[in-house]
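I'm opening my notebook for this one and jotting things down as I look them up. Let me get the structure on screen before I start.

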Amino acid sequence: MQTLSAFDSRLADVAGVSIASSTEIHGGEGAGLPMLIVENALGRAELTLQGAHLTSFVPAGGRELLWLSPKAAFVPGKAVRGGIPLCLPWFGGHPEGKPAHGFGRNQPWTLVGAEALSDGTTRVTLELLPNDATRALWPHDFVFRLAVTVGSALTLALRVEHRGEVTVPFSCALHTYFAVPDVTLADIDGLDGCTYINTVGGANTRHAQQGTLRLDAPTDRVYLDVPAVQTIRTAQGTTHIESDTRSAVVWNPGDFALNIADVGEAYRHFVCVERGDVFDDALTLAPGDVYEKWLTLSFS
Ligand code: TA6
């Protein structure tokens, strides 16, 4: 299992970021995964070092914004179900049958920075560098970095530096699972007029979104060239999603989830609104290119 080096622990101590195993926090068997807990007067977040994967964010005095499956397993090499998996360096299926959503979410990232900022927020920075497993899937040098800033809002700033020698296709998404009391009663705004690709059951049809989106059946849609802000409104309040990425993917498997071992009936309690650059909004990275995008989540 991945462990925190003495250097990692020192960084965490300096910033008042604590370290725990997923078994201590979420139960389960075995050693679990190492986690960071980032807490200040404005908010609290949890993440696994594996995948630099947020699993919880609660603004002070507020409610949990992220959905974590009650069946989530914290196992090395397997993406945790819920929270914010990072899908990169490709989103969705791979033409050569490589693992869906890339390898970023399955790899052990390293804590490289932790600081308490003057505005009361706390920032931790994690990094992934190439290793044998990534080279087997993607034979290119790179530096992936994720800076996570925890306050009354949660901001994820992703930086991808392509250090390889050839131009490569690149797509990515911050695959956020939002906690909602009932997915069929959540109003999603900020997509009106956008073109979307319906991919349910392997379909690939294009449509235009009209008005507010409500999910009453299995949904898997890629919205292209979206506005910066989307909202999810429920009886509990409104979640705000803001990003400088171009795409938004809206996913809930509905009762298909009964065939997904780590979701099941719990599908009723989340909706994924994922910001990223995917499908028509995907790009290529030339040697030396740097891709930098951010996502901010808040609640009112
Ligand atoms: O983002 C939507 C999606 O690509 C769906 O098609 C669905 O498969 C989902 O992601 C979850 O993928 P995962 O590999 O985490 O089971």
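**Entry: His101**

I clicked on His101 to begin with, and I found it in the loop between β5 and β6. A note to self before I go on: this is a predicted model. Next I checked the backbone, and His101 has a positive phi of about 70° although it isn't a glycine. Is His101 buried or exposed? It is buried, because its relative accessible area is 14% and the cut-off for buried is under 20%. I also saw that His101 is one of the residues around the ligand.

**Entry: the loop with Pro89**

I stayed with the loop between β5 (86-87) and β6 (110-116), since Pro89 lies there too. The peptide bond that joins Leu88 and Pro89 is cis. I wrote down its omega as about 10°.

**Entry: around the ligand**

Which residues sit around the ligand? I listed Arg81, Phe91, His101, Arg105, His175, Asp220, Val249, Trp251 and Glu274. Sorting that shell by type gave me four charged, three nonpolar and two polar residues.

Then I looked up some distances to oxygen atoms of the ligand. For Asp220, an N or O atom of the side chain is 2.5 Å from a ligand oxygen. For Arg105, a side-chain N or O atom is 2.9 Å from an oxygen of the ligand. For His175, a polar side-chain atom lies 3.0 Å from a ligand oxygen. How much of the ligand's accessible area does the protein cover? The ligand on its own has 390 Å², and the protein covers 73% of that.

**Entry: Thr199**

I followed Asp220 away from the ligand and ended up at Thr199. Leaving aside neighbours within four places in sequence, Thr199 is in contact with Asp220 and Phe279. Thr199 is found in the loop between β14 (195-198) and β15 (205-208). With a relative accessible area of 18%, Thr199 counts as buried, because the limit is under 20%.

**Entry: the nonpolar cores**

Which residues touch the most other members of the largest nonpolar core? They are Leu154 and Val271, and this core has 60 residues. Strand β8 (residues 142-150) gives the most to this core, namely five residues.

I zoomed in on Val271 and skipped residues up to four places away in sequence. Among the residues that Val271 touches are Phe178, Val180, Ile188, Leu215, Ile232 and Val250. Trp251 is on that contact list as well, and I had already met Trp251 around the ligand. There is also a second, separate core of 10 residues, including Tyr177, Ala179, Tyr267 and Phe270.

**Entry: Ala52**

I went looking for another positive phi, and Ala52 has one of about 45° although it is not a glycine. Ala52 is in the loop between β3 (43-48) and β4 (53-59). Its relative accessible area is 0%, so Ala52 is buried.

**Entry: Leu258**

My last stop was Leu258, in the loop between β19 (247-252) and β20 (270-277). Why does Leu258 count as partly exposed? Its relative accessibility is 48%, and partly exposed is what lies between the 20% limit for buried and the 50% limit for exposed. Not counting neighbours within four places in sequence, Leu258 is in contact with Gly264 and Glu265.

Note on methods: Residues are numbered from 1 along each chain as its sequence is written. This is a predicted model: local features need pLDDT of at least 70, side-chain atom pairs count only at pLDDT 80 or more; totals for chains, interfaces and linings use all residues. Side-chain values use heavy atoms; hydrogens and water are left out. A residue is near a molecule or strand if one of its heavy atoms lies within 4 Å of it. A polar contact is a pair of N or O atoms within 3.5 Å; within protein, one must be able to donate a hydrogen and the other to accept it, and residues adjacent in sequence count only if both atoms are side-chain atoms. Accessible areas come from the Shrake-Rupley method with a 1.4 Å probe; for residues, only the protein chains shown count as cover. Ala, Val, Leu, Ile, Met, Phe, Trp, Tyr, Cys and Pro count as nonpolar, Asp, Glu, Lys and Arg as charged, and the others, Gly among them, as polar. A nonpolar core is a set of buried Ala, Val, Leu, Ile, Met, Phe, Trp, Tyr and Cys residues joined through side-chain atoms within 4.5 Å. Buried means under 20% relative accessible area, exposed over 50%, partly exposed in between (1.4 Å probe, protein chains only). Helices (H or I, at least four residues) and strands (E, at least two) are DSSP runs, numbered from the N terminus. Contact means heavy atoms within 4.5 Å.
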